[in-house]
Amino acid sequence: MTTLTKPRKELWGGVIEFGDLEPGKYTATAEAWNAGENILEGSGSIEITVRAGETTDCNITMILEGETAYYSKYMILTNDPNVKKLYNYTTMQEISIEDFTLGGASYNPVEDREGKIYYITDVTLHRNGELLSQIDTSNLIKNPLYYDSKTDSLWLASFESNFAVKFLVFKNPSAATSNTNPSTILYDDSNYLNNSFSCQAFAVKEDNIYIAYNNSNILLTKKNNSSNTEATITLSNITPALSGEVTDMAVLEDGTVAVLVRSIGVTSETKVFDYTVLNDKDTVYSRGALVLLSSDLSKVEKVLGWTDSPRTISATGEDTENSVKEWTSIEAYIPEYEERGTHFYGPVKIVAIRPKELVIADCGANFVLPDYDGKKNGKIYAHNRLMTVNLRNFAIGCKKEFSESELKFHNLTISGGIEATSSSPYYGNYVDEK
């Protein structure tokens, strides 16, 4: 099968001719690119059969995203412990914007449809280096900022004294003057908030507000809800059953709700490897998923990148000559090494929304145990990378893997390591990742 290729710069339909083709089957593919932003706006393809002495015609129809579709111009990445950096989507290089730096900005900066960035420092909300509003930061939720591109509004979420969630809404924030007075929306649901459940993340599109709780329930409510009949979905009840915690949410152009689920830790699925003690025979988690839900939460469209079944990671051989720690095995809910390009280790943030593509910051680890025959130590292999999800064919790929000296989203460390010994001949010798 051969793909026909002939670029064309016109922005209108027309005829592209290919002459003198050998008889056979071909795939004709058409793509529409926004060259200035390096965005694939649409694509289409068709299979054709060319016969000797005949002319073959075909029509290809493309549905373009359109100029009004929101997309991220930047990627905002966090370097542990809390240094925010701007990266260019195309070049994957760190960049700067005149007159401001994010630096150690608290919480989660967000970007509007004009490429302006909103972030919190101390008790102030900023827009590209200028003060937008004084705010109360004493009870903000974990990820308090969200930008709704459909209504051009910036949302700020915090807890009230009764654990209700209060939203401050800044309309048309790119044009707002400093000390703008936002509107207030209060959501109080005793079924969730009075049972030690708290808001982990939220997302908004027009009249819909989606709230994710720390028990992995996701709720849909309305801005002016009075019926108390909100739709809900529990991640552990879908197939495959998901566990861990929701780390981020976003509502896409077509109304699909994108949810990141992260399961990471030793014996627990909500604790990062922050000097965690790992013992022989323990169960280790480092996995995650992108879940795509219908706008009314009635349907799970896709679950992508999830590791559903455990594997056993075993030590190799034995050492009768040296006094070493005897590891046997651990149970691991971690992607196989061969699956690292199609599964998540621990997604933490949707860092870019592009036409029919998401870019996700993924942070987790793989483990190997000692090879006693080869006198090699076990090791934790940390992964800090940007994963892409194609929303046309739902393929997952790795856009960039960072070395830990370059950038790390979290500091992943096991207390005491998983070494056999730090003495010779093991010292400095490690089992390759597998």
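Strands here are DSSP runs of E at least two residues long, numbered from the N terminus. Keep in mind that the model is predicted.

**Exercise 1. Which residues does a cis peptide bond join, and where does P240 sit?**

Step 1: Go through the omega values. T239 and P240 are joined by a cis peptide bond, with omega about -5°.
Step 2: Place the proline. P240 lies in the loop that runs between β18 (231-234) and β19 (245-251).
Step 3: Keep scanning. S424 and P425 are also linked by a cis peptide bond, and omega is about 5° there. P425 belongs to the segment after β30 (413-415).
Step 4: Add some context. Most peptide bonds are trans.

**Exercise 2. In what sense do β22 and β23 pair, and what is found in the loop between them?**

Step 1: Check the bridges. β22 (residues 283-293) pairs with β23 (residues 300-304) in the antiparallel sense, over four bridges.
Step 2: Pick out a facing pair: L292 is opposite K302 in β23.
Step 3: Look at the connection. This hairpin has six residues between its strands, and L297 is found in that loop. L297 isn't a glycine, yet its phi is positive, about 65°.

**Exercise 3. Is L297 buried or exposed, and how does N172 count?**

Step 1: Recall the cut-offs: buried is under 20% relative accessible area, exposed is over 50%, and partly exposed is in between.
Step 2: Apply them to L297. Its relative accessibility is 5%, so L297 is buried.
Step 3: Now try N172, another non-glycine with a positive phi, near 45°. N172 sits in the loop between β13 (165-171) and β14 (183-187). At 37% relative accessibility, N172 is therefore partly exposed.

Terms used
Residues numbered from 1 in each chain as written. Predicted model: local features only at pLDDT ≥ 70, side-chain atom pairs only at ≥ 80, totals over all residues. Heavy atoms only, no water. Pairing = 2+ DSSP bridges. Buried < 20%, exposed > 50% of the residue type's maximum accessible area, 1.4 Å probe, protein only.
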